[in-house]
Amino acid sequence: MKTDIQRGLVLRNEKCHEHYTTEFLYNLYSSEGKGIFDCRINVLGHLQQGGAPTPFDRNYGTKLGVKAVLWMSEKLQELYRKGRVFANSGDSACVIGLRKKVVAFSPVTELKKVTDFEHRLPQEQWWLNLRLMLKMLANYQISLTEYISGTMEHVTRRTLSIEKGF
């Protein structure tokens, strides 16, 4: 830490040890690093709860706002007849957001079918298929055949070499 680069990162699981809590590690590093480095605590769950918007958030919000206004203008022109706007189709009420890396408009009638309103979540979570891999990374005792369907390709000495980059 006394070199030019004065950054470090400590990652810990909340279940790693009952005595080595996040606060304990913060206090330890803070007291030992006086004058050399300082510490901060970032709990990812807390970061995901919002707070002050970043420049990225503001920029992204502006882009979504522009797309929403353009969409509404197109809809108004499309549905305007004889001095009135007839917006009574299912796609006239939409929510803008990301769908598979693409900004898209989703009709509210479609979202109603796939939403769990009690828990305010989608009924199907894309990340649920990753649970077994997360257990493997956390060193749970699971079988690899549960995670990988079908036949497994066995690694042999001939297919594993440092020269070939594994």
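Within strand β4, Ser106 is the bridge partner of Val95, and this report, which concerns a predicted model, starts from that pairing and moves outward. Strand β3, residues 94–99, and β4 run antiparallel and are joined by 6 bridges, while β4 itself covers residues 102–107 and includes Ser106.

**The surroundings of Ser106**

Ser106 has a relative accessible area of 12% and is therefore classed as buried, since the limit for that class is under 20%. Leaving aside residues up to four places away in sequence, Ser106 touches Ala93, Cys94, Val95, Arg99 and Leu111. Val95, already introduced as the bridge partner of Ser106, thus appears again among these contacts. Arg99 is involved through its side chain as well, which makes a polar contact of 2.6 Å with the side chain of Ser106. Cys94, another residue that Ser106 touches, is partly exposed, with a relative accessible area of 23%. A second cysteine, Cys16, is also partly exposed, at 43% relative accessible area. In general terms, a disulfide is a covalent bond between the sulfur atoms of two cysteines; the structure holds 0 disulfides.

**The hairpin and the residues with positive phi**

The hairpin formed by β3 and β4 has 2 residues between its strands, and Lys100 there takes a positive phi near 55 degrees. Most residues other than glycine have a negative phi, which makes the backbone at such positions worth recording. Lys100 is not a glycine and yet has a positive phi of about 55 degrees; it is found in the loop between β3 and β4 and is exposed, with a relative accessible area of 78%. Arg120, likewise a residue other than glycine, has a positive phi near 55 degrees. Its place is in the loop between β5 (115–116) and β6 (121–122), and at 74% relative accessibility Arg120 counts as exposed.

**Aromatic pairs**

The count of aromatic pairs comes to 3. Among them is the pair of Phe56 and Tyr60, which is stacked, with 5.9 Å from centre to centre and 5 degrees between the planes. Both residues belong to helix α3, residues 55–79, and because they are 4 residues apart in that helix, about one helical turn separates them. Phe56 counts as exposed at 58% relative accessibility, whereas Tyr60 is partly exposed, with a relative accessible area of 26%.

Trp71 and Phe105 form an aromatic pair that is also stacked, at 5.1 Å centre to centre and with 15 degrees between the planes. Since Trp71 lies in helix α3 and Phe105 in strand β4, this pair ties together parts that are 34 residues apart in sequence. Trp71 is buried, with a relative accessible area of 17%, and Phe105 counts as partly exposed at 27% relative accessibility. The two stacked pairs described here are set out in the table.

| Aromatic pair | Centre to centre | Angle between planes |
|---|---|---|
| Phe56 and Tyr60 | 5.9 Å | 5 degrees |
| Trp71 and Phe105 | 5.1 Å | 15 degrees |

Strand β4 recurs in these descriptions: it contains Ser106, it is joined to β3 by 6 bridges, and it holds Phe105, the partner of Trp71 from helix α3.

How values were computed. Residues are numbered from 1 along each chain as its sequence is written. This is a predicted model: local features need pLDDT of at least 70, side-chain atom pairs count only at pLDDT 80 or more; totals for chains, interfaces and linings use all residues. Side-chain values use heavy atoms; hydrogens and water are left out. Buried means under 20% relative accessible area, exposed over 50%, partly exposed in between (1.4 Å probe, protein chains only). A polar contact is a pair of N or O atoms within 3.5 Å; within protein, one must be able to donate a hydrogen and the other to accept it, and residues adjacent in sequence count only if both atoms are side-chain atoms. Contact means heavy atoms within 4.5 Å. A disulfide is a pair of cysteine sulfur atoms within 2.5 Å. Two strands pair if DSSP finds at least two bridges between them. Rings of Phe, Tyr and Trp (its six-membered ring) pair if their centres lie within 6.5 Å; planes under 30 degrees apart count as stacked, over 60 as edge-to-face and the rest as tilted.
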